[in-house]
Structure formats: C-alpha cells, structure tokens
Amino acid sequence: MSDQVISAGGRAWVSGVRDAIPLLGGYIPVAISFGLIANQAGFSSWETIFISLVIYAGASQFLFVGMVASGAPLWLVVVMTLLINARHLVYAPNLAPWLTGNRWWFWLMHGLTDQVFALAHTRLPALPPSERLGWFTGAMLLAWFSWVGGTALGAFVGQELTGRWPLLNDVMPFALPALFVVLLAPRFTSWLWAAALGCAIVVALLFAANGLPNMAIPVAALLGAAVFFVMQSNTRAEV
Amino acid sequence: MAGELWVAVMVAAAGTLLMRLLPLVWMQRRLARENSQGGTAAMPRWLGVLGPVMIAAMLGASLVPTAGTLNAWVATAVGGSATLLVWWKTKSLGWPVVSGVVVFGAVRFLNFVVL
C-alpha cells in the first residue's frame, strides 16, 4: 500500500485476483439486484446478462433498463447512459504512467470501473512493471466475471435469493466502502490532502444520502480538487 | 429485444469503452512526446489531484447504507472504524475489509435479532 516497489511474488495475475476479492462483496449483491430489476422491466435473462457483459457500468445499466421500461426515446437513453459514465474519462490517464506499452491494455480498459480504478491506482505503482499487466488482468477479469455472474444469478433466481437471505444482501455491499477506506487511508499524508479528501467524502455522502448518487462522485471530486488548489495557493501566498 | 434496442445497447457499450480507452491513448501520447523531447514525462497536476479525490468521492457515496435506518448508519460508522483500526495495525488490504464487513454484519444482525 505504499509507493515502494514490491513484487507480487508468484504469478502476478493470482495476486490481482486476490486483491480484487473484496470487490465481490459489493459487486455480486448489486449485480443480483440488476438482474432482478432488468427482468422485471421486461428484458429476458440472456438479454440482461448481455447488457452486463458489454456495458459493464453499474449505475448506468440501472438507468438504461429503467428508461427503456418507461418508454423514453432510445437516443435519450444512450445519451444519459454515457453522461453517467463520463466520470470514467479521468481514470485511464491517472493510471497511464504505470501502464506498459503492451497493446492488451487497450482491451483491458473495458474493465476499468470505479472500483477497479481505485484498486489499480493504489496497487500498480507498488508493482514492478513486468507484473502490472498480469495483476490488472487478474483483478479486472475477476471483477467483470463476478458482475456478469451476479447478473445471471439475479436474472434466473434473484427473487428466491433475496427472499431467503435478506440480511446477506444488506451486509455484503459494505465491502465496497471498507475497501475504499483501506485504499484512501494512506493518502491522508498532510493537512492539504486531508482537507481535499475529507471535503470530497462529505459532499458525496450528502449528495448520495439525499437521493443524488449519480451526481455525487463528479461534484464531490471537483469540490475536493478545488479545496486542494485553493488551500495550496493560499499556503504559497503566505510563504 | 427489438432491433433498435440492440443498437442502443451496442452504442452505449461502445461509448462507455471509448470513454475508458481514448483518454489512455491521449495520455500515453502526451507522455511519449514529453519523453522524446528530453523532458521528464509527468501527468498534469490537476489530473494527479483528481484521481485520489475521485476515490474519496466514491467512498462518500458508498457510505450511504442500503437500509436507511439509524442502526444501518451506526453499523456503517462502527464497521468503518473497525476497518480503519485493522488497517492501522496490519497495513494490509484483505483483513481490514473482512473485519469491517464482519463488524458491520454483527451490528446489523443484532438489530435483526433484537427487533
């Protein structure tokens, strides 16, 4: 979890799979919900799985099937889906300094979700260049397959699953905030970073708690970055 | 699914992939250009700040529990503290997450049993 280069030891892709295991707790319950909701919206089980396979972006998939079910024009459905995913624009450039020249990286970007980005942003700098592609492949494939597998479960047996284990559905998603806590904790290295990150956390929490989860991430991130640069320029001015 | 709906799915999928892929191509070209000009290849400063604050925003958004009850919020606070405490002790990735989920689940289960 530091910038020190540490070999994953053994096969890099196994290390990627191991590091991505906490993602399953968040992905599978949400994917089951998606499979269930898409089914109820009129999509067949195979169509639902296909959507998870090719779009692979949680919030926008819920929006996609919801808007289609409500009879919205398809061009608007596509535009809204892409707008929600616009935050992904800043992920790959943030990882670029640690990616090697291999062409496979381009295809692997299909798996660059919010959570995979957060994980890779912390782990890739700590790995030797020769292990990064293998690590990312393992982590990305596990996350992708768990999303598609969870969707399939939801589409075929979602009703029975959520009825039998209601508490599991409630508890497992906590793996995601727990993972983000672990990824973020080492970054509180100064008052400047603490203020910027704290601002982003609080603003996103307030937006999400008030029913605006899709706006939460971009708005909170922009405000957090603004706090960082304003405080930095003030500090320089005082010096 | 009707024909035009298949097209909508494929356009949304291609658009999402391109939003993840094209910025990488742009950044790699920029870094390669800076390298070839003899300079030190570096990300723009704003991008280096935006990465961590995006993760912070994801944390904030994910802290809202699916069940919006007082117990769920308390479980979130206790589970989050347990995660942080175990991370502080172990500085590892897996154990803090497992501990956080177990503690969160225990608080939720207590509420489930009592009420």
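Helices, of at least four residues, and strands, of at least two, are DSSP runs that are numbered from the N terminus. The exercises below apply this to a predicted model.

**Exercise 1. Establish which secondary structure chain A contains and how its radius of gyration stands against the globule rule.**

Step 1. Chain A has 12 helices and zero strands, and in sequence order its pattern is α-α-α-α-α-α-α-α-α-α-α-α.

Step 2. The radius of gyration of chain A is 19 Å, close to the 18 Å that the globule rule gives for 239 residues, so chain A is as compact as a globular protein of that length.

Step 3. The C-alpha trace of chain A spans about 60 × 45 × 35 Å along its principal axes, and 49% of its 239 residues are buried. Of the contacts in chain A with a separation of 6 or more, 76% are accounted for by residues 24 or more positions apart.

**Exercise 2. Carry out the corresponding analysis for chain B, using its elements and its radius of gyration.**

Step 1. Chain B comes to four helices and zero strands, which run α-α-α-α from the N terminus on.

Step 2. With a radius of gyration of 22 Å, well over the 13 Å that the globule rule gives for 115 residues, chain B is more spread out than a compact globule.

Step 3. Along the principal axes, the C-alpha trace of chain B spans about 65 × 50 × 20 Å. Buried residues form 38% of the 115 residues in chain B, and residues 24 or more positions apart supply 40% of its contacts with a separation of 6 or more.

**Exercise 3. Describe how the domains of each chain are assigned, and how the two domains of chain A meet.**

Step 1. In chain A the assignment gives domain 1 (12-187) and domain 2 (189-239), whose C-alpha centres lie 25 Å apart.

Step 2. Five residues of domain 1 of chain A are in contact with seven residues of domain 2 of chain A; on the domain 1 side, the touching residues are three nonpolar, no polar and two charged.

Step 3. Chain B is divided into domain 1 (1-62) and domain 2 (65-115), and here the C-alpha centres lie 32 Å apart.

**Exercise 4. Determine how many residues each chain brings to the contact between chain A and chain B, and classify those of chain A.**

Step 1. The contact takes 71 residues from chain A and 58 residues from chain B.

Step 2. The side of chain A that touches chain B divides into 58 nonpolar, eight polar and five charged residues.

**Exercise 5. Work out on which side of helix α3 of chain B the buried residues lie, and what covers them.**

Step 1. Helix α3 (residues 70-90) of chain B has 21 residues and reaches 30 Å from its first C-alpha to its last, close to the 30 Å expected at 1.5 Å a residue.

Step 2. A residue counts as buried if 20 or more other C-beta atoms lie within 10 Å of its own. The buried residues of α3(B) include B:Ala75, B:Gly79, B:Thr83 and B:Trp87. The buried residues cover an arc of only 165° around the axis, which puts them on the same side of α3(B).

Step 3. On the other side of α3(B), the exposed residues are B:Leu70, B:Ala77, B:Trp88 and B:Lys89.

Step 4. The cover over the buried residues of α3(B) includes α10 (175-184) of chain A together with α4 (94-114) of chain B. Just after α3(B), B:Lys91 takes a positive phi of about 50°.

Conventions:
Residues are numbered from 1 along each chain as its sequence is written. Chains are lettered from A and ligands numbered from 1 in the order in which they are written. This is a predicted model: local features need pLDDT of at least 70, side-chain atom pairs count only at pLDDT 80 or more; totals for chains, interfaces and linings use all residues. The radius of gyration is taken over C-alpha atoms; the globule rule is 2.2 Å times the number of residues to the power 0.38. A residue is buried if 20 or more other C-beta atoms lie within 10 Å of its own, exposed if 12 or fewer, and partly exposed in between; C-beta atoms are placed from the backbone. Domain bounds come from an automatic or database domain assignment. Ala, Val, Leu, Ile, Met, Phe, Trp, Tyr, Cys and Pro count as nonpolar, Asp, Glu, Lys and Arg as charged, and the others, Gly among them, as polar. The expected span of a helix is 1.5 Å times one less than its number of residues. The arc is that of the directions from the helix axis to the C-beta atoms.
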